Structure formats: structure tokens, C-alpha cells
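Grab a coffee and work through a few exercises on the model shown here. Try each task yourself before reading its solution.

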Amino acid sequence: MNAAFPILQINGLHKSYGKTQVLGDVSLDVRAGELVSIIGPSGSGKSTLLRCCNRMEQATGGQVLVEGRDIYGPGVNLNRLRERIGMVFQAFNLYPHLSALGNVTLALRTVKKMGRTQAAQVAMEALHRVGMDHKAAALPAQLSGGQQQRVGIARSIALTPAIVLFDEPTSALDPEMVGGVLEVMRELRATGMTMVVVTHEMGFAQEASDRVVFMDQGSIVEQGPPAQIFGAPGRRARPVSSRATSTRPRRPERKTSAMQLDKLVFTFFNSEIAARYLPQILQGAVVTIELGAAVIAAGLALGLLLAYLRSLPSRPLRWLVIGFVDILRAMPPLVLIILFYFALPFVGLPLGPFAATWLALALVLAAFSEEVFWAGIETQPRGLMEAARSTGLSHTQAMGWIVLPQASRMMVAPLTNRVISITKGTAYGSVASLNEILNQATSATSFAGNPTPLMLGAVGYLVIFMPVVALGRWIERRYGLGRH
């Protein structure tokens with residue numbers, strides 16, 4: 001592209017939050033190969049201006065063109081456009097579950113559709129340019145702040161953008177780390193990369209910039225060569241509990257006679273009756289397992305979908321999801337089963353016992369799991385989503401590759417407990433004559449005139465759900481739920 005042609009054109013840009021104006025009529029051109037530093041006091045609108053240039057923030061007026069294309073224009077494929085607009089963040093915003101190499105290759109594979117080998121080659125070249133190829137296998141937590149920022153730069157330049165936006169790239173670094181990052185930026189500037197840098201590093205701005213822009217109160221006050229701007233400044237122990245001891249003499253324990261014990265065994269553990277009705281109880285166990293698995297699969301899938309829909313930037317859709325979820329959370333599962341099984345036939349929608357129970361429990365699980373999914377999503381730093389979107393990943397890709405993998409650590413324990421709680425409600429299916437364990441056991445008890453089948457049913461529930469409960473407890477320990 002012609003060096004005289006503006007890579008970035010900002011024309012009359014406005015940005016307001018309600019009645020508070022943050023940017024007012026800002027215009028700026030950045031030409032190919034230029035390094036433009038934006039300086040000014042905190043709160044002057046510098047970072048907001050930068051974020052409006054790749055629509056991390058939505059401008060309320062004006063125009064931004066990148067390589068001649070209006071990024072606010074109708075029909076713009078913003079994800080594709082962001083491939084051409086690199087972004088380096090103040091807080092690094094690396095993906096904690098991915099290595100340095102994985103941070104760089106993600107967008108190459110998902111946005112540019114490169115194969116694994118090619119993406120790794122391109123990523124290693126980018127890491128080499130910033131002096132981080134020897135740390136390719138390291139996780140962000142194993143890197144210093146300066147090293148993390150250099151990986152962030154590599155992630156951006158690997159996409160070969162037309163322009164890279166740096167949002168205070170050194171402000172979160174210890175002083176001894178600043179120099180390394182600035183040196184990388186100088187080297188990129190020497191290769192002719194077009195850069196816009198919001199910075200408080202006045203030495204860097206004066207030495208490395210082609211042009212310096214001074215902002216204050218949402219407007220550009222002055223711009224020009226560094227010599228012009230800097231040469232003529234115009235500006236708590238637990239209480240020990242005691243228990244009262246009783247001085248009353250203990251009553252002698254009553255010994256159970258052999259006759260009473262035999263009666264107890266005969267009543268609740270009659271081997272002859274157990275053998276007769278065990279196949280029936282096993283059939284009920286199979287139905288219970290099938291129903292539980294179907295409820296879990298559908299409930300979790302629908303809950304995840306609802307959480308995803310709630311994350312989309314549509315207020316009516318968000319309130320629709322919240323209302324749907326709140327209604328289902330307030331409705332007892334037994335009431336839903338009765339409604340689906342007994343009421344729907346009146347409107348020509350008959351459901352069998354299995355389908356009615358499955359649908360009711362799956363909807364209730366979906367409602368509660370949506371809240372767990374949403375809480376997990378909400379705990380993730382906003383910067384992770386922004387970093388992913390800035391490299392061209394779609395909202396769905398960013399959720400699937402970045403946000404949910406990170407949120408899963410916090411979601412898995414409460415989600416497991418909620419699944420156990422709701423799937424035990426398969427016993428409610430007996431009201432709809434579903435031949436699960438409870439229905440089979442109560443029917444057998446009526447025929448036998450003995451509660452042994454009920455005891456078999458209780459044992460069946462234990463056999464099915466105790467491993468699940470044990471799994472939930474292991475997950476709680478594994479993920480440190482409740483630790484401080």
C-alpha cells in the first residue's frame with residue numbers, strides 16, 4: 001500500500017456514556033509505516049479512542065476507516081476486519097489455559113484456518129521476533145509480566161495486521177520489565193509496521209514516534225512531530241464449648257430378642273420375595289439409568305445454550321432467557337411432570353410417562369445449570385473475551401475456546417451437585433406410571449404384601465447414585481470448593 005495512503009482514518013468520532021461525553025469530534029489519520037503515540041492525562045479518552053478503532057467500544061458518532069473500509073459501515077464482517085487490526089492490551093489478556101505457542105496459534109487456526117503445522121511455524125516466527133520462542137511451551141503463569149506482554153505482541157503480529165493498536169502496553173509492568181517491551185516495539189517500528197500507541201512513557205514517545213498526539217478532555221489538543229510537542233510544552237480463637245453432663249443414670253439398653261430380629265429380617269429382607277421380584281426391580285433400574293442419562297444430556301446442553309444466548313448483546317433476548325429460567329427454577333419438578341402428562345393431552349399433545357418425566361426434569365436441570373454456567377462466565381475477566389475478539393474470533397469461538405474452558409474450573413463442582421439433586425427426581429416419574437425403580441418397587445410390594453421390594457428399590461437407588469455422589473465429592477476436593 002502507498003505509504004502516503006492513510007491506513008487508519010478517524011473522522012469526527014464521538015463517544016458518550018449516557019450524558020457523559022468521552023470523545024468529542026476526534027479526527028486523525030495514520031499513514032502506512034507511521035508510529036503515532038497518543039499521550040495525555042488519565043481520563044482524557046486515549047484508550048477509548050483506541051478501542052473505538054476496532055469496535056471494542058462502539059462509537060456514538062463519526063467514522064473509522066481501516067484501509068479505506070468503514071468499520072462501522074453496514075454489512076461489515078467485523079471478525080474478518082479485526083484480522084487487519086492488531087491489539088495489544090495493558091493487562092496482557094493471555095489465555096491462561098494455553099501455552100505461549102497456543103496463545104498465538106489459536107487465531108491462526110480458527111480465524112485464518114491454517115493447519116496445525118503451518119500455524120505452529122507462523123507462531124514460532126512471531127515469537128522469535130519478540131524474543132520468546134524459547135518460552136513457547138510455557139503457560140502464562142510461568143512467565144514474567146514483560147514476557148507475557150511480548151507473547152501478547154506476538155499473538156497480534158502473527159496475523160499480519162495492517163496496523164497494531166497498543167493500549168498502554170507497559171503500564172502494568174514492573175519498571176525493570178518496561179525496557180524489554182519497548183525494545184520489541186522499537187524493532188517492530190524499524191520493520192515499517194504501522195502502530196498507534198497509547199502510552200505514558202514519554203521517553204519512548206519522544207524517541208520512537210513519527211508523530212505525537214496530545215489529548216485532553218476527549219479531544220485532540222495538539223499533534224505534530226515529537227520535537228514540536230515536547231520542545232514547546234503548553235501544558236480473629238474458637239471458643240471452647242462446654243456441655244452439661246447429665247447425672248441421670250442411664251437406662252439399661254434393651255436387648256433385641258432373636259424372635260424380634262428374625263421378624264425384622266423377614267419383613268424387610270425376605271430372601272424368597274427378593275429373589276422373586278429382583279428382575280422387576282432391575283428393569284426399573286435400567287429405566288432409571290436411561291432416564292437419568294437423557295435428563296443430564298439434554299438439561300446440560302440446553303442450560304449451556306441458554307447461557308450462551310444470555311451472553312449475546314441483545315437485551316430482549318437476555319430478559320427472555322432470564323424470565324424462562326426463573327419460571328422453571330420456581331416450578332417444582334413434580335408439578336411439571338403432572339402438567340405434561342395429565343394436561344397436555346387436553347390440547348392434543350399427549351406425552352408418554354418417559355417423555356413427560358424427561359422433559360420436566362431436563363427443563364428444570366437446564367434452568368439451574370444455566371445459572372451455574374452464567375455465573376462461571378461472569379467470573380472471567382472481560383479482557384479474555386476482548387483479546388479473543390480482537391484477533392478475529394467470533395463470539396461463539398471466543399466462548400468455546402477461551403471463556404468456557406477457563407470458567408469450567410469454577411462450574412464443575414456446583415454443576416455436579418445440581419445434576420445429582422435433579423436426576424434423583426427420576427422417582428417422580430412414578431406419578432405418571434413410569435416403570436422406574438420406585439414404581440416397580442411399590443407395585444411389587446402391593447402384590448407381595450411385604451416391604452422387601454421397597455428395600456430392594458432403595459438399594460437400587462443407592463447403587464445408582466452413590467457413585468455419582470462420590471464423584472461430586474471428589475470434584476469438590478479436586479477443585480478446592482469452599483477453600484479460603
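Below are five tasks, each with a worked solution.

Before you start, note that this is a predicted model, where local features need pLDDT of at least 70 and side-chain atom pairs count only at pLDDT 80 or more, while totals for chains, interfaces and linings use all residues. Residues are numbered from 1 along each chain as its sequence is written, and side-chain values use heavy atoms, with hydrogens and water left out.

**Exercise 1. Find out how many disulfides the structure has, and check cysteine 52.**

Step 1: Set the criterion. A disulfide is a covalent bond between the sulfur atoms of two cysteines; here the test is a pair of cysteine sulfur atoms within 2.5 Å.

Step 2: Search the whole structure. You get zero disulfides.

Step 3: Look at cysteine 52. The closest cysteine sulfur belongs to cysteine 53 and is 7.0 Å away, so that's too far for a bond. Cysteine 53, likewise, is in no disulfide.

Step 4: Check burial (buried means under 20% relative accessible area, exposed over 50%, partly exposed in between, with a 1.4 Å probe and protein chains only). Cysteine 52 comes out buried at 0%, and cysteine 53 is buried at 3%.

**Exercise 2. Place lysine 15 in its strand and find its bridge partner.**

Step 1: Locate the residue. Lysine 15 sits in strand 1, residues 6-17. Strands (E, at least two residues) and helices (H or I, at least four) are DSSP runs, numbered from the N terminus.

Step 2: Work out the sheet. Strands of a sheet pair through backbone hydrogen bonds, either parallel or antiparallel. Two strands count as paired if DSSP finds at least two bridges between them. Here four strands make an open, antiparallel sheet in the order 2-1-4-5. Strand 2 (20-31) and strand 5 (69-70) are at the edges with a single partner strand each, so one side of each has no neighbour in the sheet.

Step 3: Zoom in on the pairing. Strands 1 and 2 are joined by eight bridges, and lysine 15 has leucine 23 of strand 2 as its bridge partner.

Step 4: Check the surroundings. Lysine 15 is buried, at 7% relative accessible area. Leaving out residues up to four places away in sequence, its contacts (heavy atoms within 4.5 Å) include Leu23, Cys52 and Glu57.

**Exercise 3. Describe where alanine 356 sits and what it touches.**

Step 1: Alanine 356 belongs to helix 13, residues 353-378.

Step 2: Its relative accessible area is 0%, which means alanine 356 is buried.

Step 3: Not counting residues up to four places away in sequence, alanine 356 touches Ile337, Phe340, Tyr341 and Leu351.

Step 4: Compare sequence and space. Alanine 356 and leucine 339 are 17 residues apart in sequence, and their C-alpha atoms are 8.6 Å apart.

**Exercise 4. Locate arginine 55 and serine 433, and give their phi values.**

Step 1: Arginine 55 has a positive phi of about 60 degrees, though it isn't a glycine. You'll find arginine 55 in the loop between helix 1 (46-52) and strand 4 (61-66).

Step 2: Serine 433 also isn't a glycine, and its phi is positive, near 60 degrees. Its loop runs between helix 15 (395-423) and helix 16 (437-448). Serine 433 is partly exposed, at 47% relative accessible area.

**Exercise 5. Name the strand that gives the largest share of the lining of the largest cavity.**

Step 1: The answer is strand 6 (residues 85-88), with three residues.
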